[in-house]
Amino acid sequence: MKIPTIAAVLGLAAVASAEVFLYETFSDGEGWTERWTPSAHREDLGKLEVSPGKWFADEAENAGLRTTEDYRFYAVSTKTKPFSNKDKDLVIQFDVKNEQDIDCGGSYLKFFDADLDPKTFNGDSKYNIMFGPDICGPKAIVHAIFEHNGTNYDLKKTVIAPKDTLTHTYTLTVKPDQSYEILVDGKSQASGSLLEDWDILPPKTIKDPEASKPADWVDEAMIVDENDIKPAGYDDIPEFIPDPTAKKPEDWDDDMDGEWEAPSIANPEYLGPWTPKKIANPLYKGEWEHPMIDNPEYKADTEIYAYDFGNVGIDVWQVKSGTIFDNILLTDDAEEAKKIRDETKARRSEEEGALATFNEKKAAEAKAKADAENRVEEDEAVEKIDLEDYEPAVKEEEIPEAAAEAIKKALEEEKKEVEEEKEEIKEESKKPIKDEL
């Protein structure tokens, strides 16, 4: 069951030693509009609504913040309880459902300090961390970008984002020892060190700019054996020879077809172009390695992981709308995150069933529409029949013999009547016309 959003926003402690700084469930209808502020940076930003989408397992549980307009930027943010993750774990987690079968668009979140101006919030606004899926065409990855000294650094490893239309949970955990882990639906997809998997700090050592490979350095491990000599007659061996098993066809006519020649085959004795063998180079010193020195620009930083937080924002571009954001969690309690994540996971089978039902309904509606269109086309075709080109359903040769005789007799009687009428008209025309005047 969803925790009421109002309680989550207050940052209530999950346990005495852990704290929840934001847990946004969008479970209070239009109440989200009092917490989230749309940016006024541009006038054509897309509109958002709280909705479970076109299909869902539970209307209340699955309701989240949904993008509603295609080909739009979206920019909206909300405040969190101000906090620093210095000396404590940081857990960022949220659910995303791309029910529109997204083709190109982001569905990630950005996390800011307390100084963010929500009205001027835009893609250039400085953030601490950007985390979540980004899909465009065949590319579907999970971003994990950290800001450090004015530069944004993305994870060097590749984490694949699911491309189906189900709900997925994304989790990023960062610890004070500067380690991290990324989970998708509770399964680890990447882990390691912020120092190794991001190029946030310059390398500790660099190649000595004053050093170079000596001019007399020998780095050829093998050399040609000068004492190796090509065998006598080596070049006389042909690459192809006549096929010894071939026979001239019996119907071959030398006068008509010319002199017969057997087809060629690869010569099993041919060894290819001769090259002298190679031997180990007695002067070889090994591969030259560039000497390394300490990097004068390197400075250890044990607090790369630490930020001050105060705002969370959605700043994405989408070609097709329909993404639903839900259960946005910001905490230092990994167990609380797991509990919420498991609740989403427990509804997976119901959600899959809802999707299957929705797809079946769509297929049935499409079939009904197609059938209706076909019936209309058939009716229109009947109305457009050309009577001059009309052919009767029963052809003359298919008429039964008894019926054919009756038709023949009727036609003969009709013809006789016509002839009699013509004869009467002819006789009348011979009578003198009486002058009435």
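## Strand β1 and its partner

β1 runs antiparallel to strand β22 (residues 323-331), and 4 bridges hold the pairing. One spot to look at is Leu 22, whose bridge partner in β22 is Leu 330. Keep in mind as you browse that this is a predicted model.

How many of the residues of strand β1 are buried? The count is 5 of the 5, for residues 20-24, so the rest of the structure largely encloses this strand.

## Strand β21 and its two neighbours

Now for strand β21, which covers residues 308-318. Here 9 of the 11 residues are buried, so "mostly covered" is a fair label, given that buried means under 20% relative accessible area.

Two pairings involve this strand. Strand β5 (residues 72-84) runs antiparallel to β21, with 10 bridges joining them. Strand β8 (residues 109-112) also pairs with β21 in the antiparallel sense, over 3 bridges. Val 312 of β21 turns up in both pairings: it is the bridge partner of Thr 78 and also of Phe 111.

As a general reminder, side chains in a regular strand alternate between the two faces of the sheet.

## The disulfide

The disulfide count comes to 1. The bond joins Cys 104 to Cys 136, with an S to S distance of 2.0 Å. This pair ties together distant parts of the chain, 32 residues apart: Cys 104 belongs to strand β7 (residues 104-106), while Cys 136 belongs to strand β9 (residues 129-136). If you like dihedrals, the value about the S-S bond is -85°, which makes the link of Cys 104 and Cys 136 left-handed.

Are the two cysteines buried or exposed? Cys 104 has 19% relative accessibility, so this residue counts as buried. Cys 136 has a relative accessible area of 39%, so this one counts as partly exposed.

## The chain overall

Zooming out, the chain holds 6 helices and 22 strands. Of its 437 residues, 35% count as buried. Take the contacts with a separation of 6 or more: 72% of them are between residues 24 or more positions apart. The exposed surface is about 28000 Å², and carbon and sulfur atoms supply 51% of that.

## How confident is the predictor?

The average pLDDT for the chain is 88, and 88% of the residues score at least 70. Two stretches call for a separate word. Over residues 9-16 the pLDDT stays under 50, although the model has 17 contacts beyond four places in sequence for them. Residues 433-437 also stay under 50, and for these the model has 0 such contacts beyond four places in sequence.

Technical notes: Residues are numbered from 1 along each chain as its sequence is written. This is a predicted model: local features need pLDDT of at least 70, side-chain atom pairs count only at pLDDT 80 or more; totals for chains, interfaces and linings use all residues. Side-chain values use heavy atoms; hydrogens and water are left out. Buried means under 20% relative accessible area, exposed over 50%, partly exposed in between (1.4 Å probe, protein chains only). Contact means heavy atoms within 4.5 Å. Accessible areas come from the Shrake-Rupley method with a 1.4 Å probe; for residues, only the protein chains shown count as cover. Two strands pair if DSSP finds at least two bridges between them. pLDDT is the predictor's confidence in each residue, from 0 to 100. A disulfide is a pair of cysteine sulfur atoms within 2.5 Å.
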